[in-house]
Amino acid sequence: MGKLTDEQLKSIKDATGKMNSILTEVGFLEARKAGLFTTLHTGGASIPGSFPITGKDLININPHVSFHINGGPVSMEDKYFEAVARDTDIAMQVCTAGNLRTTLLCAEMARKHGAFERFLIATDTPTGSGVMPLGLIYTISQIASLTSFDVPELIAAATEIGLPAKVLA
């Protein structure tokens, strides 16, 4: 058998990505039906050969919580932050190890659409780069300094006080 062309490899990769997306949606639907609490990492592809979760994927999969929703160097398209806040019940977890611009956008969209009780602050550690003992304080400080949010409401978003029963249910 000869070597596959770049076009053939791309076709296989595209088909695999679509199949993974379909299987993921079905798996999450079955998990929810079984009463399981579902989470989804939306911080981008972090394992070679994996595929990033797009805003459209996130809304279709509909987990209870979207971890790392603020992405990293690259995040989902801006329009989906508003759609998630406005049109879903997905809790939006931003993290220190993510994109600051989209952290601020996510917080603002959550407030704009009355969904701030679903806005969660975390660090996404430990990771391969270690732990961030002051990560929550760092992220709270950034958001408070660059927006009009009050520090107490950001502390609530970073602690158990910020986890309403409907997120945990």
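Is Arg101 buried, partly exposed or exposed, and what is its relative accessibility? Keep in mind as you look that this is a predicted model. Arg101 comes out at 48% relative accessibility, so it counts as partly exposed; the cut-off for exposed is over 50%.

Let's stay with that arginine and see what its side chain is doing. Arg101 meets the side chain of Asp78 in a salt bridge, with 3.0 Å from N to O. Arg101 belongs to helix H4 (residues 100–112), whereas Asp78 sits in the loop between strand E2 (65–67) and helix H3 (79–87), so the pair ties together parts that are 23 residues apart in sequence. The partner's surroundings are easy to place too: Asp78 has 36% relative accessibility and therefore counts as partly exposed.

Now slide along helix H4. Here you'll find Glu108 and Arg111, whose side chains meet in a salt bridge at 3.0 Å, N to O. Because these two are 3 residues apart in helix H4, about one helical turn separates them. What about their exposure? Glu108 has a relative accessible area of 27%, which makes it partly exposed, and Arg111, at 32% relative accessibility, also counts as partly exposed.

Helix H1 (residues 6–33) offers another pair: Glu30 and Lys33 both lie in it, 3 residues apart, which is about one turn of the helix. Their side chains form a salt bridge of 3.5 Å, N to O. Glu30 is partly exposed, at 43% relative accessibility, while Lys33 counts as exposed because its relative accessibility is 61%, and the exposed class begins over 50%. If you search the whole structure, you get 5 salt bridges, and the pairs Glu30–Lys33, Arg101–Asp78 and Glu108–Arg111 are among them.

Next, the sheet. Strands of a sheet pair through backbone hydrogen bonds, and the pairing can be parallel or antiparallel. In this model there is an open sheet of 4 strands, ordered E1-E2-E3-E4, with parallel pairing. At the edges you'll see strand E1 (39–41) and strand E4 (119–122), each of which pairs on one side only. Going from one strand to the next, the twist averages 25°.

For a close look at one pairing, take E2 and strand E3 (residues 91–95): they run parallel and are joined by 2 bridges. Which residue in E3 is the bridge partner of Ser66? That would be Met92. And E2 brings us back to the start, since the loop between strand E2 and helix H3 is the one that holds Asp78, the residue tied to Arg101 in helix H4.

How values were computed: Residues are numbered from 1 along each chain as its sequence is written. This is a predicted model: local features need pLDDT of at least 70, side-chain atom pairs count only at pLDDT 80 or more; totals for chains, interfaces and linings use all residues. Side-chain values use heavy atoms; hydrogens and water are left out. A salt bridge is a side-chain nitrogen of Lys or Arg within 4 Å of a carboxyl oxygen of Asp or Glu. Buried means under 20% relative accessible area, exposed over 50%, partly exposed in between (1.4 Å probe, protein chains only). Two strands pair if DSSP finds at least two bridges between them. Axes are lines fitted to C-alpha atoms, for helices over the stretch in contact, and angles run from 0 to 180 degrees between N-to-C directions.
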